[in-house]
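Here is a friendly walk through one chain and the two ligands placed with it. Keep the structure open beside the text as you read.

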Amino acid sequence: MQPIDLARALDLILPVDPARLVEVQARINRQAKPKGSLGRMEELARRYVAISGREDIRKKVIFTFAGDHGVVAEGVSAFPPEVTPQMVHNFLEGGAAINALARHAGAEVIVVDMGVNADFPPLGGLLQKKIAKGTANLAVGPAMSRQQAIQGLETGIELAFSCVDAGIDLVGTGDMGIGNTTPSSAILAAFSGLPVEEVTHRGTGIDDPALQRKIDVIRRGLEINRPDPSDPVDVLAKVGGFEIAGIAGLVLGCAAVGIPVVVDGFISTAGALIAVELHPKVRDYIFMAHRSVEIGHGHMLERIGQKPLLDLEMRLGEGTGAALVMSLIEAALRTYREILTFDEAGVARGNDQ
Ligand SMILES: O=C(O)c1ccc[n+]([C@@H]2O[C@H](COP(=O)([O-])O)[C@@H](O)[C@H]2O)c1
Ligand SMILES: Cc1cc2nc[nH]c2cc1C
């Protein structure tokens, strides 16, 4: 297949047909239950069916994008950077939280090396898409070049396009990268203009002095790099990360090919935010899995304009929230397919029907 570039993918994104959404909801309203009584489960079914044109899911895949971050030199994480490649091995061996939850959801996990600071031999379940062995330190200069940011976006776009022929009807995003809550907060601060201390939190569990350091580092990064909020590729390049670029591209690519995409926690949402800032209609294709503990997450969700489905006080990433919500979407589709109408079930209608 011809590689799809960013401009072409952006051109392909269409709004989800509002008439189709109304049609699907009308069928839900004929089902033998008080109108609206399945709450947001109805929204899941309505949006999934209208986006995909399907009433079931053949295959589900979670792409867990991994990358390292030069900014860890500033002491912004509770864990050492070696954990990134170690967790990649753990994912591939099936021993991480995402593997357990993906098995529960019946989803495949594909790990994408976007920029881990380690060499991997060819390994089953690992896609080698390394742009560089970690970003540069965003506190002293741009995290990556504009060219690298576009390469990362186009890698994610290509993955979304590859899902079409593979019969993948639902995609989930995930991330792994020690230090990556720092670029995620920086991206949000760049777009929103919010004070850095209002969008910066504890990531893997840093203490108060480290949190203060992290806030200072992000302030410095924004001051030195001056990312242009009207140019999302510039924001991604200057204060982003390679795995965030891959996630942004995947979300954008799913919108271009019409595959519903479940977006995980704080880092995945930073990627989704880049995609939505590149094209506002991307939001139509996004299911926001959950509300992360990270304090900036609510601001990101507001900018994207999609409400999270769950609040389980999670802050792990990897795609764990996405895996949980895949099961919910599947349950919603079962209700859509299987609940009889008032007429079929011989049940009397109420006043609102
Ligand atoms: O997804 C989230 O909401 C989330 C919130 C906090 C931390 N994480 C994970 O923790 C790592 C980043 O944390 P940190 O403290 O190293 O910036 C990275 O591997 C993320 O997947 C993930
Ligand atoms: C062990 C560990 C697992 C993770 N998974 C996602 N981020 C992570 C960070 C750490 C430290």
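Two strands pair if DSSP finds at least two bridges between them. With that in hand, and remembering that this is a predicted model, we can begin with the strands.

**The strands**

Strand E2 covers residues 108–115 and strand E3 covers residues 126–128; the two pair in the parallel sense over three bridges. Within that pairing, Asp113 stands opposite Gln128 in E3. E2 itself is mostly covered, with six of its eight residues buried.

E2 also pairs with strand E1, again in the parallel sense, this time over seven bridges. Two positions help to trace this pairing on screen: Ile62 stands opposite Val109 in E2, and Gly67 stands opposite Gly115 in E2.

What else does E1 pair with in the parallel sense, and over how many bridges? The partner is strand E4, residues 168–176, and the pairing runs over eight bridges. Here Lys60 has Leu170 of E4 as its bridge partner. E1 spans residues 59–67, and eight of these nine residues are buried, so the strand is largely enclosed by the rest of the structure.

| Strands | Sense | Bridges |
|---|---|---|
| E1 and E4 | parallel | eight bridges |
| E1 and E2 | parallel | seven bridges |
| E2 and E3 | parallel | three bridges |

**Packing around the strands**

Helix H5 (residues 97–105) has Ile98, Asn99, Leu101, Ala102 and Ala105 as its buried residues. These pack against strands E1, E2 and E4, and also against helix H4 (83–93) and helix H13. Gly106 follows H5, and its phi is positive, near 70°.

Which residues touch the most other members of the largest nonpolar core? They are Val171 and Val251, in a core of 107 residues. Helix H10 (residues 242–257) gives this core its largest share, 11 residues. Leaving out residues up to four places away in sequence, Val171 touches Val61, Phe63, Ala160, Cys163, Leu250, Cys254, Ile259 and Val261.

**Glu318 and ligand 2**

For the bench, Glu318 is a good residue to find next. An unreviewed UniProt entry lists Glu318 under "active site". In the model, Glu318 lies in the loop between helix H12 (297–304) and helix H13 (320–338). Is Glu318 buried or exposed? With 28 C-beta neighbours inside 10 Å, Glu318 counts as buried, because 20 or more such neighbours make a residue buried.

Not counting residues up to four places away in sequence, Glu318 touches Thr64, Ala96, Ala97, Ile98, Gly174, Asp175 and Met176. Among these contacts, Ile98 is one of the buried residues of H5.

Glu318 is also among the residues around ligand 2, along with Phe79, Val83, Met87, Met176, Thr204, Leu316 and Gly317. By type, this shell divides into five nonpolar residues, two polar and one charged.

**Ligand 1**

Around ligand 1 there are 23 residues, and the closest are Ser77, Gly203, Gly265, Ser292 and Gly317. Gly317 also appears in the list for ligand 2. Strand E4, helix H7 (181–192) and helix H11 (266–278) each supply at least two residues of the ligand 1 shell. How do the residues of this shell divide by type? There are seven nonpolar, 11 polar and five charged residues.

**Two residues in helices**

To finish, here is a pair of residues with opposite surroundings. Ser184 sits in helix H7 and is buried, with 34 other C-beta atoms within 10 Å. Leaving out residues up to four places away in sequence, Ser184 touches Ile244, Phe266, Ile267 and Ala270. Ser184 and Asn117 are 67 residues apart in sequence, and their C-alpha atoms are 19 Å apart in space.

Val22, in helix H2 (residues 18–30), counts as exposed, with 11 C-beta neighbours inside 10 Å. Along the chain, Val22 and Ala50 are 28 residues apart, and 9.0 Å separates their C-alpha atoms.

Note on methods:
Residues numbered from 1 in each chain as written. Chains lettered and ligands numbered in written order. Predicted model: local features only at pLDDT ≥ 70, side-chain atom pairs only at ≥ 80, totals over all residues. Buried ≥ 20, exposed ≤ 12 C-beta atoms within 10 Å, placed from the backbone. Helix = DSSP H or I, 4+ residues; strand = E, 2+ residues; numbered from the N terminus. UniProt positions renumbered as here; feature names shortened; annotations may be inferred. Contact = placed C-beta atoms within 7 Å. Near = placed C-beta within 6 Å. Nonpolar A, V, L, I, M, F, W, Y, C, P; charged D, E, K, R; others polar. Core = buried A, V, L, I, M, F, W, Y, C linked by C-beta atoms within 7 Å.
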